[in-house]
Amino acid sequence: MYCVRKVTDDLYWVGGNDHRLELFENIHPIPRGVSYNSYLLLDEKTVLFDTVDWSICREFLQNVEHVLDGRDLDYVVINHMEPDHGGSLEEILIRYPNAQVISTEKSFMIMRQFGFNVDDRDLEVQEGDTMSFGEHNVVFVEAPMVHWPEAMVTFDTTNGVLFSADAFGSFGALDGKLFNDEVNFDRDWIDDARRYYTNIVGKYGPFVQNLLKKASTIDIKMICPLHGPVWRNDFGYLLDKYDKWSRYEPEEKGVMIAYASMYGNTEYAAQALATKIVERGVTNVHVYDVSNTHVSYLISETFRLSHVVLSSCTYNLGIYPVMHNYLMDMKALNLQNRTFGILENGSWAPKAGDLMEEFLDEEMTLMDVLSERVTVSSSLNEMNESELDNLADAIVDSINGVE
Ligand code: FEO
């Protein structure tokens, strides 16, 4: 059997979906599954653009065989050699012994490290190299660190199709709906696309900016990423999101309150603050318990919103461990350019506030910390009322641009 879709007259999607995998990269939850996209071009030469994760190799091979319909495979273009895409390459090479592999020098190095034998079948390409497969001419464009160093994208100058590797991808299985105009992306997909970008590629904003600059010089008619829907219109929407994410600019003015609470008292304080902010007219407020919200969601929301309140109890004279982990992730992903408020709690020696502020000041870039701090001693009391009011005022003024 087979499960394929036509992308253009002579280009087919031959990838697959996985709803069984719980954690992408064994870290990030993917409750909506994930797709591994691969594309097969039938020109004078037959060309496969990337392969798929090993977990769906069997159906992928059936798809390739069906679309080839008895023809041999001439080329495999490997835009990205991470195993979720390159994992089935060896099986393709075994089944199609005449196929040559087109990729970058670093990619071939990584292929060999993973134990794939491509000797005498490797065609190394560099930035700007071109190739003709018959009617279709392509140019190879290096895309280092989007999201591994070996990555490239391939642009078909004949029909304007960009094979964009990890760029413009998303978590989420396709479930039959291949194209962006077959889904309500802004309603059903954007949160997963943001969570995918921010957690997988987020660290490499300047490299994504380089790729966006290159992309702005070519006439793109379709974007074929390695995960998620194929884009055939509304490029402005997607490029605007990528531009903001990769410049670490918030998408929206709004407040995320991330709290770490052992017995509910810090949570109560976080809720009281949220209420006061909303009462002042800022309703784009979102409250998260860091203990039961996977950090990939916290990171995604932190990229989306302009203001963050870190609310943490003190634990072993330090920051609550799960909150600390969130901060470490933020740092690892190079997040910057946000405004923070601090709410701390401690029963005998509140330290979390100073330590969180120190982390933001010394470990991260371009983070503003508001001076209006809330310090709770065990549980919220009347003494905290004015502190909460002051912090709520400061956040709202900052959002409204009041100096
Ligand atoms: Fe989907 Fe960087 O691999």
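Is M262 buried, partly exposed or exposed, and why? In this predicted model, M262 counts as partly exposed because its relative accessibility is 38%, a value that lies between the 20% limit for buried residues and the 50% limit for exposed ones. This briefing covers M262 and two acidic residues, D84 and E59.

**M262 and its surface patch**
- M262 is located in the loop that connects β17 (252-260) with α8 (265-279).
- Together with Y263 and Y315, M262 forms a nonpolar patch on the surface.
- The accessible area of M262, Y263 and Y315 together is about 370 Å².

**D84, a buried acidic residue**
- D84 belongs to helix α2, which covers residues 83-86.
- Although D84 is buried, it has no salt bridge.
- R195 is the nearest side chain of opposite charge to D84, at a distance of 14 Å.
- A polar contact of 3.1 Å joins the side chain of D84 to the side chain of H85.
- When residues up to four places away in sequence are not counted, D84 touches F24, Y36, V52, D53 and H227.

**E59 in helix α1**
- E59 lies in helix α1, which is made up of residues 57-68.
- E59 counts as partly exposed because its relative accessibility is 35%.
- Apart from neighbours within four places in sequence, E59 is in contact with G16 and N17.
- E59 and G15 are 44 residues apart along the chain, and their C-alpha atoms are separated by 8.3 Å.

Conventions: Residues are numbered from 1 along each chain as its sequence is written. This is a predicted model: local features need pLDDT of at least 70, side-chain atom pairs count only at pLDDT 80 or more; totals for chains, interfaces and linings use all residues. Side-chain values use heavy atoms; hydrogens and water are left out. Helices (H or I, at least four residues) and strands (E, at least two) are DSSP runs, numbered from the N terminus. Buried means under 20% relative accessible area, exposed over 50%, partly exposed in between (1.4 Å probe, protein chains only). Lys and Arg count as positive and Asp and Glu as negative; His and the chain ends are not counted. A salt bridge is a side-chain nitrogen of Lys or Arg within 4 Å of a carboxyl oxygen of Asp or Glu. A polar contact is a pair of N or O atoms within 3.5 Å; within protein, one must be able to donate a hydrogen and the other to accept it, and residues adjacent in sequence count only if both atoms are side-chain atoms. Contact means heavy atoms within 4.5 Å. Patches are made of residues with over 30% relative accessible area and no salt bridge: like charges are joined within 9 Å, nonpolar side chains (Val, Leu, Ile, Met, Phe, Trp, Tyr) within 5 Å. Accessible areas come from the Shrake-Rupley method with a 1.4 Å probe; for residues, only the protein chains shown count as cover.
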